[in-house]
Amino acid sequence: MDIDCELSTSGDDMIARLAGLRPTFVLLDIHMPEKSGIDALTEMRSRGYDVPTVMMTGVERDGTRETCLSAGAVDVLAKPVDGPTIAMFFDRLGGQRSKG
């Protein structure tokens with residue numbers, strides 16, 4: 001399976017780059033430099049970006065899942081996140097898998 005992927009170094013970088021992209025979904029880490037993933041998701045939504053967003057975390061605390069879902073995430077995954085899991089979300093959220 002081939003998936004085109006754009007990487008960002010921070011929440012602010014990701015938000016700035018969204019203007020030029022039309023992603024199938026965003027995989028967003030909760031703990032990032034400059035701005036948490038939850039804050040980045042909240043800002044995405046306030047700017048009108050309604051891209052399905054899957055959050056991921058290496059440390060899930062009480063209330064993390066609920067906070068992410070309330071902010072607009074479609075799901076929350078525990079790291080490490082493997083290729084088949086990403087492919088499942090790609091398929092589920094409307095992506096077209098490349099036959100290559």
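These legends accompany close-up views of a predicted model.

The model is predicted, so local features are described at pLDDT of at least 70 and side-chain atom pairs at pLDDT 80 or more, while totals for chains, interfaces and linings use all residues. Residues are numbered from 1 along each chain as its sequence is written, and side-chain values use heavy atoms, with hydrogens and water left out.

**Figure 1. The whole protein, with 4 helices and 3 strands.** Helices (H or I, at least four residues) and strands (E, at least two) are DSSP runs, numbered from the N terminus. Starting at that terminus, the order of elements is α-β-α-β-α-β-α. The radius of gyration is 13 Å, close to the 13 Å that the globule rule gives for 100 residues, so the protein is as compact as a globular protein of that length. Here the radius is taken over C-alpha atoms, and the rule is 2.2 Å times the number of residues to the power 0.38. The C-alpha trace spans about 40 × 30 × 20 Å along its principal axes. About 6100 Å² of the protein is exposed, with 49% of it supplied by carbon and sulfur atoms; accessible areas come from the Shrake-Rupley method with a 1.4 Å probe, and for residues only the protein chains shown count as cover. Of the 100 residues, 34% count as buried, where buried means under 20% relative accessible area, exposed over 50%, and partly exposed in between (1.4 Å probe, protein chains only). Contacts (heavy atoms within 4.5 Å) often link distant parts of the sequence: among those with a separation of 6 or more, 52% come from residues 24 or more positions apart.

**Figure 2. The open sheet of 3 strands, in the order β1-β2-β3 with parallel pairing.** β1 (26–29) and β3 (75–78) are the edge strands, each with a single partner, so one side of each has no neighbour in the sheet. From one strand to the next, the twist averages 30°; axes are lines fitted to C-alpha atoms, for helices over the stretch in contact, and angles run from 0 to 180 degrees between N-to-C directions. Strands pair if DSSP finds at least two bridges between them. Parallel strands β1 and β2 (residues 53–57) are joined by 4 bridges. To find your way between these two, look for L27, whose bridge partner in β2 is V54.

**Figure 3. Helix α2 (residues 37–46) lying across β1 and β2.** The helix runs at about 170° to β2. Its buried residues are G37, I38, A40, L41, E43 and M44, and they pack against α1, β1, β2 and α3. After the helix comes G48, with a positive phi near 90°.

**Figure 4. The largest nonpolar core, with 16 residues.** A nonpolar core is a set of buried Ala, Val, Leu, Ile, Met, Phe, Trp, Tyr and Cys residues joined through side-chain atoms within 4.5 Å. Those with the most contacts inside this one are M14, V26, L28, L41, M44, M55 and C68. The elements giving two or more residues are α1 (11–18), β1, α2 and α3 (64–71), and α2 gives the most, with 4 residues. Another core, of 6 residues, lies apart from it and includes F25, L77, F89 and F90. Zooming in on L28, its neighbours are M14, G37, A40, L41, T53, V54, M55 and M56, not counting residues up to four places away in sequence.

**Figure 5. T57 in strand β2.** With 2% relative accessibility, T57 counts as buried. Leaving aside residues up to four places away in sequence, T57 touches D29, I30, H31, V76, L77, A78 and K79. K79 is also joined to P80 by a cis peptide bond, with omega about 5°. P80 itself is found in the loop between β3 and α4 (83–92).

**Figure 6. E34 in the loop between β1 and α2.** Although E34 is not a glycine, its phi is positive, about 75°. E34 counts as exposed, at 64% relative accessibility.

**Figure 7. S8 in the segment before α1.** S8 is partly exposed, with a relative accessible area of 33%. D13, M14 and R17 are touched by S8, not counting residues up to four places away in sequence. For a sense of scale, S8 and M44 are 36 residues apart in sequence and 14 Å apart in space, C-alpha to C-alpha.
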